[in-house]
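Hello,

Here is the structure I promised to pass on to you. Have a look at it first, and my notes follow underneath.

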Amino acid sequence: MSAVGPLGPVVVTGGAGAIGSRLVRRLLERGAEPVAVVDDLSSGCEWLLPRDERVRFTRGDVCDIFTLPLDVSRPLVFHLAAFFANQNSIDHPMEDLRTNGLGTLTALLWASAHGANRFV
């Protein structure tokens, strides 16, 4: 992330997880505003997110991102939503494919439709 100027609007999918919540804190330090967090809380926790008026938490599945109330345009998107853990993916391959495959495709399509300037 560049230290040149504020980052503007950011969307973080999976933002209530251990890594996502730390990313949200760092983005706020860098001047991102607003930071829209999308997480279904299947493995994350809302309490991990910083209490900051610039953070907008939306509980929802990344596969349903088009139906979620995200009021941002031209955001920087960090896609961290994932069905993870090797054994978990082996035990539940359909859920793994849905979240990791369809979820990523849906997030990419949403980012394109909303003029995202970058998708990470």
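How many of the 120 residues of the protein chain, as a percentage, count as buried? The figure is 42%. Please keep in mind that this is a predicted model.

**The overall fold**

The protein chain is built from three helices and five strands. Going along the sequence, their order is β-α-β-β-β-α-α-β. The C-alpha trace spans about 45 × 30 × 25 Å along its principal axes. A compact globule of 120 residues would have a radius of gyration near 14 Å, and the protein chain agrees with that, because its own value is 14 Å. If you take the contacts between residues at least 6 apart in sequence, 64% of them join residues at least 24 apart. As for the surface, about 6900 Å² is accessible, and carbon and sulfur atoms account for 55% of that.

**Helix H3**

Helix H3 covers residues 93–113. Its 21 residues should span 30 Å at 1.5 Å a residue, so the 29 Å between its end C-alpha atoms agrees with expectation. H3 does have a kink, though, of about 30 degrees, and Gly-103 is at its centre.

Which residues of H3 are buried? They are Asp-96, Thr-99, Gly-103, Thr-106, Ala-107, Trp-110 and Ala-111. When you look at that list, it helps to recall that an α-helix has 3.6 residues a turn, so residues three or four places apart point the same way. The cover over the buried residues of H3 includes strand S1 (8–13), strand S4 (76–79), helix H2 (86–91) and strand S5 (118–119). After H3 comes Gly-115, which has a positive phi, near 65 degrees.

**His-79**

One residue you may like to find on screen is His-79, in strand S4. Is His-79 buried or exposed? His-79 is buried, because its relative accessible area is 13% and the cut-off for buried is under 20%. The side chain of His-79 makes a polar contact of 2.9 Å with the side chain of Thr-104.

What else does His-79 touch, once its neighbours within four places in sequence are left aside? Its contacts include Gly-103, Thr-104 and Ala-107, and Gly-103 is also where the kink in H3 is centred. His-79 is in contact with Thr-13, Val-62, Phe-119 and Val-120 as well.

Do write back if you would like to go through any of this together.

Best wishes

Methods
Residues are numbered from 1 along each chain as its sequence is written. This is a predicted model: local features need pLDDT of at least 70, side-chain atom pairs count only at pLDDT 80 or more; totals for chains, interfaces and linings use all residues. Side-chain values use heavy atoms; hydrogens and water are left out. Helices (H or I, at least four residues) and strands (E, at least two) are DSSP runs, numbered from the N terminus. The expected span of a helix is 1.5 Å times one less than its number of residues. The bend at a residue is the angle between axes fitted to the seven residues ending there and the seven starting there. Buried means under 20% relative accessible area, exposed over 50%, partly exposed in between (1.4 Å probe, protein chains only). Contact means heavy atoms within 4.5 Å. A polar contact is a pair of N or O atoms within 3.5 Å; within protein, one must be able to donate a hydrogen and the other to accept it, and residues adjacent in sequence count only if both atoms are side-chain atoms. The radius of gyration is taken over C-alpha atoms; the globule rule is 2.2 Å times the number of residues to the power 0.38. Accessible areas come from the Shrake-Rupley method with a 1.4 Å probe; for residues, only the protein chains shown count as cover.
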